[in-house]
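Let's take a walk through this structure together, one region at a time. Please keep the sequence and the 3D view side by side as you read.

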Amino acid sequence: MARKQSTTGPTMHDVAREAGVSQATVSLVLNDVSGSRFSDATKDRVQKAVETLGYRTNAHAKVLREGVAGMIGFIGDAVATSPFAGKIIEGAQERAWESGLLLITINTGGDKELERASLETMLSYKVAGVVYASMYHQRVDVPAVLREVPTVVLNSEDKAGYFPSVAPDEVAGGFEATAHLLDAGHRRVAMINIETLESQLPGAVGRFDGYKRALESVGLTLDPSLVRFGTGGESDGFKYALELMRLPKPPTAIFCANDRTAWGAYQAMAELGKRIPQDVSIIGFDNQETLAPHLRPGLTTLDLPFEQMGRRAVDLILDGIKPQGQLELMTCSLIERNSVEKIKESQ
């Protein structure tokens, strides 16, 4: 005789009957309740019954019962459409999924009205927490409404110092990039930055600070004639690399504070008939995958830990972190390709 099943879809009762266990057992297994102990055989029977019947948990009922949905909100200015920062979403989504949660992602494009409406919708769904992200490292005004739910600021810093933030370690990255050139024997190391220091942009200030510290670590004093402040674009990389290489005593290496600037510097070397790395070494920052590996030669650069940062932000929400305003900095790893060459220190 065929088993009778609900016409509105399989229920937890149907799963329990299929698996030969109680409904309470099914609930505890599916919700992975802490302290509940079942044999692997029992868990397998429940999971097999779920798959056989096509059972889905009732998310609405879970909200009514526990007060939160099995979802984490992710809202960003342009993260979802950025060719490289999108990895932040991948990391956050993967970490949420590992804990049985869905990630709801909204890309606002910097539209504050869309951001406000999106946050209201997320909060109405009783999300377990919100990741508030930016495409690039900056100090941001976080909407006060997010104080109602666990929130982590990602790839940025909360100006008010209320929410915990996760961001790249810009100073250590700038130090690592410059130290790599110094270790290769270069002593006239120039830098083309992505903004002025007055901008207070963490990436520009931090990477410059790391550059300066690395020079000082080998007994060198920063030479202002070897420093240029651009806007992070290819055209400034081209312009300022030309200026630097036309100095009476040009640099033997250039630290470009992002990969697009380095791309412009590559074009400047082609204009001047200079070879990379034989005549000048170049290092970038970002490891933009649509650019850095495809330059010729491949660009040595610092990798922004987008995926790891995304995972860490969700970790903090899952750990039940309370607002303390702490800033957690994550390491930018050196990605070696072929744009840096060792030279004798006398050069």
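C332 has a relative accessibility of 6%, so this cysteine counts as buried, the cut-off being under 20%. C256 counts as buried too, because its relative accessibility is 0%. Keep in mind that what you are viewing is a predicted model. Are there disulfides to look for? A disulfide is a covalent bond between the sulfur atoms of two cysteines. A search of the whole structure finds zero of them.

C256 also gives us a way into a sheet, as strand 10 covers residues 253-256. The sheet here is an open one of four strands, arranged in the order 9-8-10-11 with parallel pairing. Strand 9 (227-229) and strand 11 (281-283) are at the edges with a single partner strand each, so each has one side without a neighbour in the sheet. On average, and ignoring direction, neighbouring strands of this sheet are turned by 15° against each other. As a reminder, strands of a sheet pair through backbone hydrogen bonds, either parallel or antiparallel. Between strand 10 and strand 11 you will find three bridges in the parallel sense, and here I254 stands opposite I282 of strand 11. Now look for the helix that lies across this sheet: helix 9 (residues 234-245) lies across strand 8 (189-193), strand 9 and strand 10. Relative to strand 8, helix 9 runs at about 155°.

Next, turn to strand 3 (residues 130-133). Are its two faces covered or open? Both are covered: V130 and Y132 are buried on one side, and V131 and A133 are buried on the other. Strand 3 runs parallel to strand 1 (residues 71-76), and four bridges join the two. In this pairing, G76 is found opposite A133 of strand 3. Strand 3 is also joined by four bridges to strand 5 (residues 151-154), again running parallel, and there V131 stands opposite V152 of strand 5.

From the strands we move to helix 5 (residues 87-98), where A96 has its place. With a relative accessible area of 0%, A96 is buried. Which residues does A96 touch, leaving aside those up to four places away in sequence? They are L101 and V314. A96 and L318 are separated by 222 residues in sequence, yet their C-alpha atoms are 8.6 Å apart in space.

Our last stop is helix 3 (residues 40-53). Its 14 residues should span 20 Å at 1.5 Å a residue, and this agrees with its end C-alpha atoms, which are 20 Å apart. Where do its buried residues point? The buried residues are T42, V46, A49, V50 and L53. They cover an arc of only 100° around the axis, so they lie on the same side of helix 3. Helix 1 (12-19) and helix 2 (23-30) are included in what covers these buried residues. Rotate the view to the other side of helix 3, and you will find D40, K48, E51 and T52 exposed. After helix 3 comes G54, which has a positive phi near 70°.

Technical notes:
Residues are numbered from 1 along each chain as its sequence is written. This is a predicted model: local features need pLDDT of at least 70, side-chain atom pairs count only at pLDDT 80 or more; totals for chains, interfaces and linings use all residues. Side-chain values use heavy atoms; hydrogens and water are left out. Buried means under 20% relative accessible area, exposed over 50%, partly exposed in between (1.4 Å probe, protein chains only). Two strands pair if DSSP finds at least two bridges between them. Axes are lines fitted to C-alpha atoms, for helices over the stretch in contact, and angles run from 0 to 180 degrees between N-to-C directions. Contact means heavy atoms within 4.5 Å. The expected span of a helix is 1.5 Å times one less than its number of residues. The arc is that of the directions from the helix axis to the C-beta atoms. A disulfide is a pair of cysteine sulfur atoms within 2.5 Å.
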